[in-house]
Amino acid sequence: MAKMRAVQVVRSNGPFELVEREVPEPGPGSVRVKVQACGICHSDSFTKEGTWPGIQYPRVAGHEIAGVIDAIGPNVAGWERGTRVGVGWHGGHCGYCTSCRRGDFVTCQVAPQVPGISYDGGYADYVLVPATALARIPAELSPVEAGPLMCAGITTFAALRGSGARPGDLVAVLGLGGLGHLGVQFAARMGLATVAIARGKDKEPLAKELGAQRYIDSAAQDPAAELTKLGGAKIILATATSGKAMSSVLGGLGVDGKLIVLGAAPEPLEVSALLLIGGRRSVAGWPSGTSLDSENTMSFSALTGVRPMTEVFPLERASEAYDRMMSGKARFRVVLTTGQ
Ligand SMILES: [Zn+2]
Ligand SMILES: [Zn+2]
């Protein structure tokens, strides 16, 4: 049997371990993807720290996968070997629950699947995924560019696209990390009046370079007051993983404004009832998107020049790469490559 490398989390809160495994064969409805790159997402900490219920260990993390279809299982139509594909957070669904029957696969209530959580993910040379989770990668994007678009990218792109914001509307992006630096680029290229909010004056030039018209330094200014001066935000895309930071910008929402929560903050948000009532403001979340949303995210990126900024590590240094992501210091997405 052919062998491959995989980096598995041994147990909840256990270390990463580089192991050799047999290259797996795809079952019905599945394909095998030869992994070229896999982004490291903050949500990989669910697998590393065991904070997602029901994970079976050892487990290989990773849901920002970019590669090539390498083998096709029985009962798979419409895909061919050699096609460049990405796989993101949405890694499969039941197909028969109320959400799925409505075509809303992301909110599948019976068997929502996530690579790296429900089954082994992309910190490996090969991964098996349901064909329903595949997104075609356009020729303009390299594997290292495509990987982060499969979670950080699609989440910000689809949330903005579905937000109701129209060209010229004031949209703020809170946080300039893995998600935020893509959110700013998408918002600007969608024709939205884009404001970036982050801590420290030093991030302003980068925010402007990514396309933000304005920058608010939350360490020196009150973001809510600054947004109010600008007329109030139609949308605030909250990518920071801090409930406190999200709560502090709510006052900057305009009439009918909406805070969209993307960052999985461990602590709750605090929100004034009167603020919500008075201006019909709202707080909502947005969960990634389907494989077609991923494909749309990549097409839009190819068309408009949106690209993730990345720090690349070889697969065998996954543990170090993960620590780099968790440190919050990465500029801006850490990506593993297999050399394939
Ligand atoms: Zn993710
Ligand atoms: Zn379902």
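1. A good place to start is the helix pair: α3 and α9 pack at about 95°, with their axes 8 Å apart. The axes are lines fitted to C-alpha atoms, for helices over the stretch in contact, and angles run from 0 to 180 degrees between N-to-C directions. That angle makes α3 roughly perpendicular to α9 (the class covers 65 to 115 degrees).

2. Please keep in mind that this is a predicted model, where local features need pLDDT of at least 70, side-chain atom pairs count only at pLDDT 80 or more, and totals for chains, interfaces and linings use all residues. Residues are numbered from 1 along each chain as its sequence is written, chains are lettered from A and ligands numbered from 1 in the order in which they are written, and side-chain values use heavy atoms, with hydrogens and water left out.

3. On the α3 side, the contact (heavy atoms within 4.5 Å) involves residues including L149, M150 and F157, while α9 contributes M298 and F300, among others.

4. Helix α9 covers residues 291-304, and its end C-alpha atoms are 20 Å apart, in agreement with the 20 Å that its 14 residues should span at 1.5 Å a residue (1.5 Å times one less than the number of residues). After α9 comes G305, with a positive phi near 85°.

5. Helix α3 also reaches the metal site: C41 (SG), H63 (NE2) and C151 (SG) coordinate the zinc ion (ligand 1) at 2.0 to 2.2 Å. Donors are N, O and S atoms within 2.8 Å of the metal (3.2 Å for Na, K and Ca); water is not among the atoms, so the site may look incomplete.

Technical notes: Helix = DSSP H or I, 4+ residues; strand = E, 2+ residues; numbered from the N terminus. Parallel < 35°, antiparallel > 145°, perpendicular 65-115°, else oblique.
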